Amino acid sequence: MQIAQEQRWDPLVRLTHWGVAAGVLANGILTEEGSGPHQWVGYGVAALLALRWIWGLIGSPEARFSAFRPSLRRAAAHLRAIGRREKTTHRSHNPLGALMVYALWATLAIVIGSGVAMTILPGASTPPTEAPSNAQFQTPAASDDDEVREAREDGAGEGEGDEVIGEIHEVAANLLFILAGLHLLGVAFETRRSGRGILTAMLPGRRELRCKE
Ligand code: HEM
Ligand code: HEM
């Protein structure tokens with residue numbers, strides 16, 4: 001990225017970035033899975049993401065989607081330039097970074113969408129709770145109920161669709177954590193390679209990013 005050390009992304013990009021990052025880490029580490037705080041943090045992340053996407057349409061030139069279109073061809077060219085030790089300049093995220101940004105956003109959308117689906121679909125995130133604790137006192141006449149109860153304890157009462165959505169949420173959340181890790185490696189690599197303030201540009205400060213092509 002073609003930026004001087006003291007330049008920064010515009011405030012909305014920085015605010016949404018750190019808000020989303022904090023929310024993802026909070027839901028991955030701090031909140032209890034599926035709890036109220038987990039869901040509210042998730043909704044907060046969704047709101048920040050929506051704000052950023054609107055900004056991608058009407059925001060500052062560097063923040064617009066048009067400034068960092070996903071392109072495998074340009075990403076490959078960027079890799080070749082890295083191989084040749086060329087210091088290429090880019091108006092916004094570099095082509096590899098852009099692919100990562102879209103991958104992070106798409107994965108986040110799946111995590112949020114599946115999370116919301118779990119909470120609104122009937123019986124979805126509800127663990128099987130109806131097995132009575134006095135099961136040992138059941139009479140043989142209750143054996144039909146036992147079968148139903150055992151099925152519920154196995155999760156069969158939740159419906160396969162609900163389980164699938166839970167699986168999607170879990171897999172997508174894990175993928176998100178892996179991508180975030182790769183994202184950090186990418187930021188560290190590009191900072192070292194380019195010698196520019198890639199991370200500094202996301203930190204608080206006054207002068208906004210104004211890149212030249
Ligand atoms: C920043 C976004 C989010 C992240 C990183 C995240 C991450 C996670 C993780 C890692 C789990 C544990 C999965 C497992 O091991 O089974 C989980 C569970 C869960 N999440 Fe999220 N989540 C997010 C957003 C949401 C949202 C927006 C909702 C709903 C409004 C939600 C609802 C749930 C529920 C209900 C569970 C429990 C699933 C179960 O009981 O099997 N999550 N989440
Ligand atoms: C789960 C955690 C994180 C997620 C999901 C995430 C996601 C993102 C996304 C979506 C962007 C694009 C920003 C935009 O255009 O709006 C971005 C950019 C960036 N992130 Fe993160 N991020 C995370 C953590 C971090 C951390 C911990 C750091 C710093 C150590 C960091 C440093 C940066 C930098 C420097 C950029 C700008 C890259 C560039 O100049 O092309 N991120 N991140």
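Here is a short conversation between a student and a tutor about a predicted model.

Student: Which residues coordinate the iron atom of ligand 2?

Tutor: Let's look for protein atoms that act as donors to this iron atom. Each of the two is an NE2 atom of a histidine, at 1.9 to 2.0 Å. One belongs to helix H1 (residues 11–30) and the other to helix H6 (residues 160–194), so the pair ties together parts that are 166 residues apart in sequence. The two residues are His17 and His183.

Student: What arrangement do the donor atoms around the iron atom of ligand 2 make?

Tutor: Good one to work through with angles! There are 6 donor atoms, and they subtend angles of 87 to 179 degrees at the iron atom. Six donors fit this class if opposite donors are over 155 degrees apart and all others between 65 and 115. The arrangement is therefore octahedral.

Student: Is His17 buried, partly exposed or exposed?

Tutor: Buried means under 20% relative accessible area, and exposed means over 50%. The value for His17 is 25%, and His183, with 24%, gets the label for the range in between as well. His17 is partly exposed.

Student: Which residues are the protein donors of the iron atom of ligand 1?

Tutor: Here again the donor atoms are NE2 atoms, lying 2.0 Å from the iron atom. One residue lies in helix H2 and the other in helix H6, so the pair ties together parts that are 131 residues apart in sequence. Both residues are buried. They are His38 and His169.

Student: Which helix gives the most to the lining of the largest pocket?

Tutor: The pocket holds about 1200 Å³ of space, and 41 residues line it, with His17, Val101, Leu104, His183 and Val187 the closest to its centre. H1, helix H2 (36–58), H3, H4 and H6 each supply at least two residues of the lining. The top contributor, with 13 residues, is H6.

Student: How many residues of that lining are nonpolar, polar and charged?

Tutor: Let's sort the residues of the lining of the largest pocket by type. The charged group has 2 members and the polar group has 10. The nonpolar group has 29.

Student: Is Arg85 buried or exposed?

Tutor: First, let's find the residue: Arg85 sits in the loop between helix H3 (72–83) and helix H4 (95–120). Its C-alpha atom is separated by 9.6 Å from that of Ser194, 109 residues apart along the chain. Arg85 has a relative accessibility of 76%, and the label for values over 50% is exposed. So Arg85 counts as exposed.

Key. Residues are numbered from 1 along each chain as its sequence is written. Chains are lettered from A and ligands numbered from 1 in the order in which they are written. This is a predicted model: local features need pLDDT of at least 70, side-chain atom pairs count only at pLDDT 80 or more; totals for chains, interfaces and linings use all residues. Side-chain values use heavy atoms; hydrogens and water are left out. Donors are N, O and S atoms within 2.8 Å of the metal (3.2 Å for Na, K and Ca); water is not among the atoms, so sites may look incomplete. Four donors count as tetrahedral if all angles lie between 85 and 135 degrees; four count as square planar and six as octahedral if opposite donors are over 155 degrees apart and all others between 65 and 115; anything else is irregular. Helices (H or I, at least four residues) and strands (E, at least two) are DSSP runs, numbered from the N terminus. Buried means under 20% relative accessible area, exposed over 50%, partly exposed in between (1.4 Å probe, protein chains only). On a 1 Å grid over the protein atoms alone, a cavity is a set of points where a 1.4 Å probe fits but cannot get out, and a pocket is an open set with protein on both sides within 12 Å along at least five of seven lines; lining residues have an atom within 4 Å of a point. Grid points are joined across faces, edges and corners, and a volume is the space filled by probe spheres set on the points. Ala, Val, Leu, Ile, Met, Phe, Trp, Tyr, Cys and Pro count as nonpolar, Asp, Glu, Lys and Arg as charged, and the others, Gly among them, as polar.
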